[in-house]
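Subject: Structure handover

Hello,

Here is the structure I promised to pass on. Please open it first, then read the notes underneath.

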Amino acid sequence: MYAAWTVKHKPRTLSEVVGNEEAIRELISWINSWNKGVPKKRAAFLYGPPGVGKTVAVEALAYDLKMELVEKNASDYRTAEAVQRFAGLASQYTTLFGGKRVILLDELDGITGTADRGGVRAVIETIKTARFPVVLIANHAYDPRFSTLRRYCLLVEFKKPTIFQVIKRLKKVCASEGIMADERALRLIAERSGRDVRSAINDLQALAQGRSRLTYEDVAWLSERDRKEVIFNVLRTIFYAKDCVEAKRAIDAADVDPDMLFQWVYENIPYQLTDARDLAMAMEALAKADVYRGRIRATQNWKLLRYVLDLMTAGVAMSRRRSKPSGWVPFRFPERIRWLARTKQQRQMQRLIGMKIRRRMHVSSVRAVKEILPYIRVIFEDNAEMAAGIAKWLDLDEGMIGYIAGSKGRAKAIVRNLGS
Amino acid sequence: MSYEMWAEKYRPKFLKEMVNQKEIVERLKSFVKARNIPHCIFAGPPGTGKTTGALCLAHDLYGEGYREHLMELNASDERGINVVRETVKTFARTRSIGEIPFKIMILDEADNMTRDAQQALRRTMERFTETCRFILICNYSGKIIEPIQSRCAPFRFTYLSREDQHAYLQRVIQKENVKVLDAGLTAIFEVSGGDLRRAVNALQAAASAGKPIDGETVYSVVGRANPADVREMIILAMKGDFVGSRDKLREMILKYGLAGSDIIRQIHIEIFRSDVPERWKIRLADTIGEIDFRLIQGADEEVQLSALLARLTEAGYELKRGV
């Protein structure tokens with residue numbers, strides 16, 4: 001089953017939370033001060049950029065201190081009425097089982113109103129009468145709408161963790177998922193996330209789920225520009241469009257390179273269109289789009305691009321006739337690009353050998369690799385003497401011989417034969 | 001046994017050594033006799049003697065020093081029209097020394113040139129027609145623009161017949177002193193399908209093991225040269241595991257560098273060998289043919305073959321439902 005790693009690997013206790021030690025210490029001492037009666041500030045206002053662990057810290061804290069956590073986010077308290085509906089929870093004297101409680105109002109940025117009216121005012125009223133600690137979370141505490149609210153709160157700033165801390169967190173996730181990851185790969189993910197831990201873990205999952213190794217090349221191809229979210233939105237539009245217009249609009253909606261999008265659609269068709277007939281139809285639409293790409297290359301007539309786009313968006317969308325959208329199927333990174341990155345060195349070597357063959361055999365290096373190299377490989381496996389002769393004739397160096405031979409032992413035998 | 005690539009070692013040097021394409025060879029011989037050649041297009045599938053024909057023609061025309069009067073360019077290696085244009089210009093504009101007043105430029109895989117590049121080439125051909133004759137080599141002449149086609153004499157090469165291929169292979173077999181059983185020769189023809197370069201490569205690879213060559217040896221060599229298992233890929237697709245079969249495909253193309261044309265040829269063979277109902281074989285053959293044609297035109301190998309695999313998945317589904 002698919003589970004988001006951000007949830008699966010969420011720290012449960014404070015000891016697992018990365019960074020922001022000072023903020024957390026402040027938070028703990030404030031919570032503890034409730035043991036000696038209601039403190040001056042009945043609410044703590046946690047603020048900071050997304051994905052730095054504000055919510056996670058509160059959840060872990062409640063877990064460690066065995067407190068009941070009542071969690072509300074924006075959709076629960078956008079308006080005054082909504083806030084009043086649960087405000088009572090904060091003003092009661094005891095919980096049902098006599099334990100301690102903490103009220104968490106997350107995503108405060110989404111609230112309506114000001115200190116005088118609407119949701120913000122209701123929150124202020126709630127805090128004034130609170131019998132339990134109230135924690136507020138927002139990205140920006142200095143929003144003018146919160147100016148009055150701030151006076152009732154202990155302000156606690158959460159800062160971005162260091163790159164090193166993000167990497168450490170990613171390493172932990174990799175360890176428990178059984179993934180061997182290059183340090184450089186993780187560093188790149190961390191950097192690209194802008195030190196947003198949540199987004200970094202999401203990226204890691206998309207890149208590494210179901211694999212045992214993650215190399216730098218696996219990650220490097222992802223450019224800043226084609227950020228996942230943008231692509232995911234476009235894909236969602238394409239795969240769930242009801243009509244052609246909607247599907248085609250996906251392209252206009254975002255600045256996504258059509259070639260890159262093509263690869264994404266190509267990768268995801270079989271996961272989205274599970275009925276065999278729909279699958280065949282969608283793949284054919286995409287293959288036709290590819291035919292038009294070829295026509296553009298041949299004629300340099302870019303007007304034809306519109307047909308490429310038609311087929312890769314609407315053509316794919318309209319293929320869904322029997323496949324039911326079965327819950328939420330996560331989109332996958334184009335494996336093919338990953339393959340290309342991973343086999344890059346091999347192909348580089350093949351190209352060099354192809355050039356050597358070309359010098360001798362009147363074929364293009366591309367054709368040499370595809371049509372002649374496979375047979376040379378067989379010869380290299382079976383006959384070291386003949387292989388040495390061919391290596392000399394083609395003027396291959398030892399690296400090339402090693403590559404073709406495929407094993408150190410065979411390569412050695414061939415090189416030994418070179419002298420004779 | 002000699003230790004270089006036999007396909008090159010036994011490439012015919014003179015037109016009279018060519019075993020196939022009889023009519024074409026006759027016409028080329030008449031050019032030699034007249035000491036003049038037009039611009040030419042040699043079109044046809046791989047391994048049928050296009051490049052060899054062009055080289056032999058030059059050899060017969062100029063004699064031993066023919067290399068000085070000849071230049072070979074490969075459109076898919078020489079990137080960009082500017083490279084082609086500059087190289088061609090420098091080569092084409094200087095007059096040839098000797099009794100024949102023109103040189104020969106062989107432009108291989110010309111169907112990989114963009115239309116713009118071809119337009120530029122057309123002007124070059126026109127300007128230097130006095131001093132240079134072009135032989136354009138391609139798989140598919142339809143991808144050469146009309147104005148060039150109309151300036152060239154067209155030659156259509158076809159796959160070798162079984163007899164022609166045997167005649168040629170016998171010569172190699174004798175010279176190299178290898179032992180090949182009849183079943184081995186038949187197998188070589190089946191796997192090469194009249195592509196002589198492939199046939200000779202398969203022969204040499206089979207011979208390298210140093211044992212008499214029977215059918216089994218040939219199939220095993222070709223199987224090893226094309227390490228991924230096409231049959232398994234087909235079975236996965238028809239069982240409904242499209243993603244699994246696509247992974248196999250990727251392995252073949254990206255890891256082993258197999259040619260799409262090879263993969264599709266094998267799919268074609270496998271489908272007719274399989275126990276798929278007869279009428280389905282024909283339906284699938286139609287799809288395979290369409291995809292093959294797109295590949296010839298230079299479409300993306302993996303995407304096109306994936307579409308074919310998806311069609312196989314659909315066929316497997318329909319068969320299970322008993323349609």
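Below is what I found, part by part.

One caution before the details: this is a predicted model.

Chain B overall

Chain B has 15 helices and 5 strands. Of its 323 residues, 45% are buried. Look also at how far apart in sequence its contacts reach. Taking contacts in chain B with a separation of 6 or more, 77% are between residues 24 or more positions apart.

Strand β4 of chain B

Start with strand β4 of chain B, residues 132-138. It is mostly covered, with 7 of its 7 residues buried. C132(B), F134(B), L136(B) and C138(B) point one way from the strand. R133(B), I135(B) and I137(B) point the other way. Both sets are buried.

Which strands pair with β4(B)? One is β1 of chain B, residues 40-43, which runs parallel to β4(B) and is joined to it by 4 bridges. Within that pairing, F42(B) has I137(B) as its bridge partner. Another is β3 of chain B, residues 103-108, also in the parallel sense, over 5 bridges. Here I106(B) stands opposite I135(B). To get from β3(B) to β4(B), the chain passes through helix α5 of chain B, residues 115-127. This β-α-β crossover is right-handed.

Helix α13 of chain B

Next, helix α13 of chain B, residues 260-273. Its 14 residues, at 1.5 Å a residue, should span 20 Å. The end C-alpha atoms are 20 Å apart, so the expected and computed spans agree. Its buried residues are G260(B), D262(B), I263(B), I264(B), Q266(B), I267(B) and I271(B). What covers them? The cover includes α11 (230-239), α12 (242-255), α14 (278-296) and α15 (301-321) of chain B.

Helix α9 of chain A

Now chain A. Helix α9 of chain A takes in residues 197-208. At 1.5 Å a residue, its 12 residues should span 16 Å. Its end C-alpha atoms are 16 Å apart, so this helix agrees with expectation. Buried in α9(A) are V197(A), S199(A), A200(A), I201(A), D203(A), L204(A), Q205(A) and A208(A). After α9(A) comes G210(A), with a positive phi near 80 degrees.

Nonpolar cores

The largest nonpolar core has 63 residues. Inside it, I238(A), V265(A) and L286(A) have the most contacts. Helix α14(A) gives this core its largest share, 11 residues. Leaving out residues up to four places away in sequence, V265(A) touches L235(A), I238(A), L286(A), M312(A) and V316(A). Another core lies apart from this one and has 62 residues. Among them are I127(A), A141(A), F146(A) and V197(A). V197(A) is also one of the buried residues of α9(A).

Where the chains meet

How many residues does each chain bring to the contact? Chain A brings 47 and chain B brings 55. On the side of chain A that touches chain B, these helices each supply at least two residues: α13 (258-272), α14 (276-299), α16 (335-342), α17 (344-361), α18 (365-382) and α19 (384-394). Helix α14(A) gives the most, with 14 residues. By type, that side of chain A divides into 24 nonpolar, 11 polar and 12 charged residues. So α14(A) is worth a second look: it gives the most to that side of chain A, and it also gives the largest share of the 63-residue core.

Best wishes

Technical notes. Residues are numbered from 1 along each chain as its sequence is written. Chains are lettered from A and ligands numbered from 1 in the order in which they are written. This is a predicted model: local features need pLDDT of at least 70, side-chain atom pairs count only at pLDDT 80 or more; totals for chains, interfaces and linings use all residues. The expected span of a helix is 1.5 Å times one less than its number of residues. A residue is buried if 20 or more other C-beta atoms lie within 10 Å of its own, exposed if 12 or fewer, and partly exposed in between; C-beta atoms are placed from the backbone. Two residues are in contact if their C-beta atoms, placed from the backbone, lie within 7 Å. Two strands pair if DSSP finds at least two bridges between them. A crossover is right-handed if, with the strands pointing away from the viewer, the path from the first strand over the helix to the second runs clockwise. Ala, Val, Leu, Ile, Met, Phe, Trp, Tyr, Cys and Pro count as nonpolar, Asp, Glu, Lys and Arg as charged, and the others, Gly among them, as polar. A nonpolar core is a set of buried Ala, Val, Leu, Ile, Met, Phe, Trp, Tyr and Cys residues joined through C-beta atoms within 7 Å.
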